[in-house]
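Hi,

Here is the structure I promised to send over. Have a look at it first, and then read on for what turned up when I went through it.

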Amino acid sequence: KALMQQLLTGKKRLPGFTGEWKRYKLHEIGNITTGNTPSTKDESLYGEKFLFITPVDLGDFKYVKNSERMLSQKGASTSRIIPKGSIFFSCIGTIGKMGIATQDSITNQQINTVNIEKNHNNEFIYYQIQFNKEQINKLTSKQAVPIINKKTFSNFIISSPCLPEQKAIAAVLTTADEEITALESDLTRLRQEKKALMQQLLTGKRRVTVD
């Protein structure tokens, strides 16, 4: 978190980079798309061809590789196909669940996606949106179901350096994410080992030898 604070605000520059950062509205750096849900009354629209991303599928991992439901080719033809590499952001209900598409996908109407243009790096923009999530949440409409409409989301402003620096920053933060994932995996394993050990020691199934 401290690393993001330094790198994504330009307070800390990576070696070799000195240029000024520019401010952009999200719609200036990528195409913003709101998803839709094919009719659930027509079973032929659903199948095993395309991921159908909803907020349930977001948040656990940076890269979205699976979805609870999938669409058929026919279902995809009635929907807006989101290109691989696009950024998902949930804007209705649970605000701010994110992910990056690992393949062409479809989303429901609760998700806005940003298909990043070639002069920006999608992973850097992913981290920038993630870093600014609290500020985006403040734009939520005050009603029974929280909503950030497409126009408001599209006009949110982020800062960005040149493309090479974007890629370098994204690489540093990706490495940090990978280290966190590895540590969390080790922690989960150790907790399971502790639980198994407690099961043996606290039931007398395994006895301790005292010298």
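To start with a small one: in which strand does Thr 107 lie? Thr 107 belongs to strand β8, which covers residues 105–107. Before I go further, please keep in mind that this is a predicted model.

Staying with Thr 107 for a moment, this residue is buried, since its relative accessible area is 1% and the cut-off for buried is under 20%. Leaving out its neighbours within four places in sequence, Thr 107 is in contact with Gly 35, Asn 36, Phe 52, Ile 53, Ile 82, Phe 88 and Thr 113.

**The whole protein**

The protein has 7 helices and 10 strands. Its radius of gyration is 21 Å, well over the 17 Å that the globule rule gives for 211 residues, so the protein is more spread out than a compact globule. The C-alpha trace spans about 70 × 55 × 35 Å along the principal axes. Buried residues account for 38% of the 211 residues. If you take the contacts with a separation of 6 or more, 68% of them are between residues 24 or more positions apart. The exposed area comes to about 12800 Å², and carbon and sulfur atoms supply 52% of that.

**The sheet with three strands**

β8 is part of an open sheet of 3 strands, in the order β5-β3-β8 and with mixed pairing. The edge strands are β5 (69–71) and β8, each of which pairs on one side only. On average, neighbouring strands here are turned by 65° against each other, direction ignored. β3 (residues 46–53) and β5 pair in the antiparallel sense, over 4 bridges. Within that pairing, Phe 52 stands opposite Arg 69 in β5.

Met 70 is found in β5 too. Is Met 70 buried or exposed? With a relative accessible area of 19%, Met 70 is buried, because the cut-off is under 20%. Beyond residues up to four places away in sequence, Met 70 touches Tyr 46, Gly 47, Glu 48, Lys 49, Phe 50, Leu 51 and Phe 52. If you want a distance to click on in the viewer, Met 70 and Ala 170 are 100 residues apart in sequence and 30 Å apart in space, C-alpha to C-alpha.

**The sheet with five strands**

There is also an open sheet of 5 strands, ordered β2-β9-β6-β7-β4, again with mixed pairing. β2 (30–34) and β4 (63–64) stand at the edges with a single partner strand each, so one side of each has no neighbour in the sheet.

β6 (87–90) is a good strand to follow here. β6 is joined to β9 (residues 111–116) by 4 bridges, and the two run antiparallel. β6 also pairs with β7 in the antiparallel sense, over 3 bridges. Ile 87 has Val 114 as its bridge partner in β9. Phe 89 has a partner in both strands: Asn 112 in β9 and Met 98 in β7.

Which way do the β6 side chains point? In a regular strand the side chains alternate between the two faces of the sheet. Here, Ile 87 and Phe 89 point one way, Phe 88 and Ser 90 point the other way, and all of them are buried.

Just ahead of β6 comes Ser 86, in the loop between α3 (73–77) and β6. Ser 86 counts as buried because its relative accessibility is 0%. Its side chain reaches the backbone oxygen of Pro 83 at 2.8 Å. Not counting residues up to four places away in sequence, Ser 86 touches Gly 99, Ile 100, Ala 101, Val 114 and Asn 115.

**The helix across that sheet**

Helix α4 (residues 122–131) lies across β4, β6, β7 (98–101) and β9, and runs at about 170° to β7. How many of the α4 residues are buried? The count is 7 of 10, so to speak a mostly covered helix. The buried ones are Glu 123, Phe 124, Ile 125, Tyr 126, Tyr 127, Gln 128 and Ile 129. At the N-terminal end, Asn 121 caps α4, with a side-chain oxygen 3.1 Å from the backbone nitrogen of Glu 123.

Happy to go through any of this with you at the screen.

Best wishes

Definitions and conventions. Residues numbered from 1 in each chain as written. Predicted model: local features only at pLDDT ≥ 70, side-chain atom pairs only at ≥ 80, totals over all residues. Heavy atoms only, no water. Buried < 20%, exposed > 50% of the residue type's maximum accessible area, 1.4 Å probe, protein only. Polar contact = N/O pair within 3.5 Å; in protein donor to acceptor, adjacent residues only side chain to side chain. Contact = heavy atoms within 4.5 Å. Pairing = 2+ DSSP bridges. Axes fitted to C-alpha atoms, helices over the stretch in contact; angles between N-to-C directions. Rg over C-alpha atoms; globule rule 2.2 N^0.38 Å. Areas by Shrake-Rupley, 256 points an atom, 1.4 Å probe, with all protein chains shown as cover.
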